[in-house]
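Look at the sequence and the structure below. This report walks through charged pairs, ring pairs and the surfaces that face DNA.

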Number of protein chains: 2
Amino acid sequence: MPRGKQPNSSRSIWSPPLTVRRLSIYLRYLEELANQGQQTVSSRQLGQALGLTDAQVRKDLAWFGHMGRPGVGYRVAAMVEQLRAIFGTDKVSSVAVIGVGSLGRALLRYKGFLSKGFRLSAAFDVSPQRIGRSLGECVVQPLDELEKVIAQQGIRIVILAVPAAVAQEMADRLVRAGIVGILNFAPVTLTVPEGIAVIPVDMAVQLEQLAYMINAPRPGVSGRPRRRQSSG
Amino acid sequence: MPRGKQPNSSRSIWSPPLTVRRLSIYLRYLEELANQGQQTVSSRQLGQALGLTDAQVRKDLAWFGHMGRPGVGYRVAAMVEQLRAIFGTDKVSSVAVIGVGSLGRALLRYKGFLSKGFRLSAAFDVSPQRIGRSLGECVVQPLDELEKVIAQQGIRIVILAVPAAVAQEMADRLVRAGIVGILNFAPVTLTVPEGIAVIPVDMAVQLEQLAYMINAPRPGVSGRPRRRQSSG
DNA sequence: ATCTGTGAAAAGATTCACAGCC
DNA sequence: GGCTGTGAATCTTTTCACAGAT
């Protein structure tokens, strides 16, 4: 299936998946630079801070038109704005947390989502002991309310933090309720209809990957230079 | 730099990075099948459950020798054993949690790591209010004890759950203390020496990826069939 | 008939290297 | 001088398709 060639200067652009992963990382670092008052940044500086080559940074950023100026670099503030628009996080959107075990509670208490464009505005659980408890800026509600609250608040994304055994049936129910994106912390692969996005986050899997990297280091590597962390 | 061709039947094998990511997912599913008492599984069944093609499953599993039998499939139990050996999780290893904020506490309380080969056996924090508190199976210790405990317990992997502002300096200290793998929950890119493995896990970044997928769906997709979640 | 293992082809991603702008 | 944008080359990953094992 053919896909358009590189640059594209209008809104809501398609970019290759691995590029999109890095765009988030660029954005995070550019926000830091903006806070520090830095005006412009070169592909070289970005690459060094993030463990990428300068060529790769330029290719990635070239996906949405001519953003850099030769001899100068990229304008930090403009870049942040454009990246947020690409992710659709220039406006804050509401997110529900399904399952308020220890992980769900930790996420509800985390203060960093809002500045990234996400407001955790509803929380649900089955357990009567948890219902009514106030966490972050929401009160835990019973699951009966799920469909109603999702519709009322226009929620399209949820964080799924329920036990593995019930994750698939809950995902089905969420999709019926109109959810289109699921951040899945349950250690199972979800099956969802076409058009629904799922990002899996399994911490045991991540530890396993780390164990592999330690036990079976990449061949041909022997060097001294400081490296940056791989993607995530 | 040339790399060996495909199959390799001895221990601790190199496989392509994207294959290794999937191996964890195969293992998770195979463990489930083993619990259900299933003896063998075909590449087709694995693929369907996990949203992959059967050819891809076969290529991935072929990296460590002839494990399947034509006309029959793969032996579930043998596969689980071999995958655990590849990840080095056939023996339990000790992991320390650095930073006992709400996320650190949630991880310490999570019961699922042990069966995956990881024991969270030490926890550290700066805050006097947190020190001495008992969480999961450990008592929170002051950071002064860090180097001593890491050496005593032979800890090689840590979960880093400290604020972004201090993550890099803590990573440097951990590396000096002999740590070789870091699961990094701080929303910054760490710079570490060659030979140290870092896996970044930034939940805001994951939500951002989800937002992108919802706002800019892949072109040329329109279908009906049920899909599985992408990798993670 | 079912299912694996694997070359060969296709698609995707990264690196190289350099023309051209500031 | 420094720096971007981008074709061309290289490397990696996925898909195809089928020989051969059970």
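Residues are sorted into three classes here: Ala, Val, Leu, Ile, Met, Phe, Trp, Tyr, Cys and Pro count as nonpolar, Asp, Glu, Lys and Arg as charged, and the others, Gly among them, as polar. The surface near DNA strand D holds nine nonpolar, eight polar and nine charged residues. The surface near DNA strand C divides into nine nonpolar, eight polar and nine charged residues.

The model is predicted: local features need pLDDT of at least 70, side-chain atom pairs count only at pLDDT 80 or more, and totals for chains, interfaces and linings use all residues. Residues are numbered from 1 along each chain as its sequence is written, chains are lettered from A and ligands numbered from 1 in the order in which they are written, and side-chain values use heavy atoms, with hydrogens and water left out.

## The DNA strands

A residue is near a strand if one of its heavy atoms lies within 4 Å of it. Which residues come nearest to DNA strand C? Of the 26 residues around this strand, they are Arg22(A), Lys59(A), Ser43(B), Arg58(B) and Tyr74(B). Sugar and phosphate make up 67% of the atoms of DNA strand C that come within 4 Å of the protein.

Helices and strands of the protein are DSSP runs, numbered from the N terminus; a helix (H or I) has at least four residues and a strand (E) at least two. Five elements each supply at least two residues of the surface near DNA strand C: H1 and helix H3 (54-62) of chain A, and helix H3 (54-61), strand S2 (68-69) and strand S3 (73-75) of chain B.

DNA strand D also has 26 residues around it. The closest are Ser43(A), Arg58(A), Tyr74(A), Arg22(B) and Lys59(B). Here sugar and phosphate account for 63% of the atoms that come within 4 Å of the protein. H3, strand S2 (68-69) and strand S3 (73-75) of chain A, with helix H1 (17-35) and H3 of chain B, each give at least two residues to the surface near DNA strand D.

Some polar contacts (pairs of N or O atoms within 3.5 Å; within protein, one must be able to donate a hydrogen and the other to accept it, and residues adjacent in sequence count only if both atoms are side-chain atoms) are listed here.

| Residue and part | DNA part | Distance |
|---|---|---|
| Gln56(A), side chain | strand C, phosphate oxygen | 3.0 Å |
| Pro70(A), backbone | strand C, sugar or linking oxygen | 3.1 Å |
| Ser43(B), side chain | strand C, phosphate oxygen | 2.6 Å |
| Gly71(A), backbone | strand D, sugar or linking oxygen | 3.1 Å |
| Tyr74(A), side chain | strand D, phosphate oxygen | 2.8 Å |
| Arg22(B), side chain | strand D, phosphate oxygen | 2.7 Å |

## Salt bridges

Side chains of opposite charge can pair when their charged atoms come close. A salt bridge is a side-chain nitrogen of Lys or Arg within 4 Å of a carboxyl oxygen of Asp or Glu. Over all chains, the count is 20 salt bridges.

Take Arg28(A) and Asp202(B), which form a salt bridge at 2.7 Å, N to O. Arg28(A) lies in helix H1 (residues 17-35) of chain A, and Asp202(B) in the loop between strand S11 (197-200) and helix H8 (203-215) of chain B, so this pair joins two chains. Both are buried; buried means under 20% relative accessible area, exposed over 50%, and partly exposed in between (1.4 Å probe, protein chains only).

Arg84(A) and Glu31(A) meet at 2.9 Å, N to O. Arg84(A) is in helix H4 (residues 76-87) and Glu31(A) in helix H1, both of chain A, so the pair ties together parts 53 residues apart in sequence. Arg84(A) is partly exposed at 29%, whereas Glu31(A) is buried at 14%. These two also belong to a network of salt bridges with Lys116(A) and Glu208(B).

Lys116(B) and Glu208(A) form a salt bridge at 3.5 Å, N to O. Is Glu208(A) buried or exposed? Glu208(A) is buried, at 0% relative accessibility. Lys116(B) is buried too, at 9%. Contact means heavy atoms within 4.5 Å. Beyond its neighbours within four places in sequence, Glu208(A) is in contact with residues including Ser24(B), Leu27(B) and Phe87(B).

## Aromatic pairs

A pair of aromatic rings is described by the distance of the centres and the angle of the planes. Rings of Phe, Tyr and Trp (its six-membered ring) pair if their centres lie within 6.5 Å; planes under 30 degrees apart count as stacked, over 60 as edge-to-face and the rest as tilted. There are six aromatic pairs over all chains.

Why is the pair of Phe87(A) and Tyr212(B) edge-to-face? The ring centres are 6.2 Å apart and the planes stand at 70°, so the pair is edge-to-face. The pair crosses between chains, from helix H4 of chain A to helix H8 of chain B. Both Phe87(A) and Tyr212(B) are buried.

Tyr212(A) and Phe87(B) also form an edge-to-face pair, with 6.2 Å between centres and 70° between planes. Tyr212(A) lies in helix H8 of chain A and Phe87(B) in helix H4 (residues 76-87) of chain B, so this pair joins two chains. Tyr212(A) is buried at 6%, and Phe87(B) is buried at 0%.
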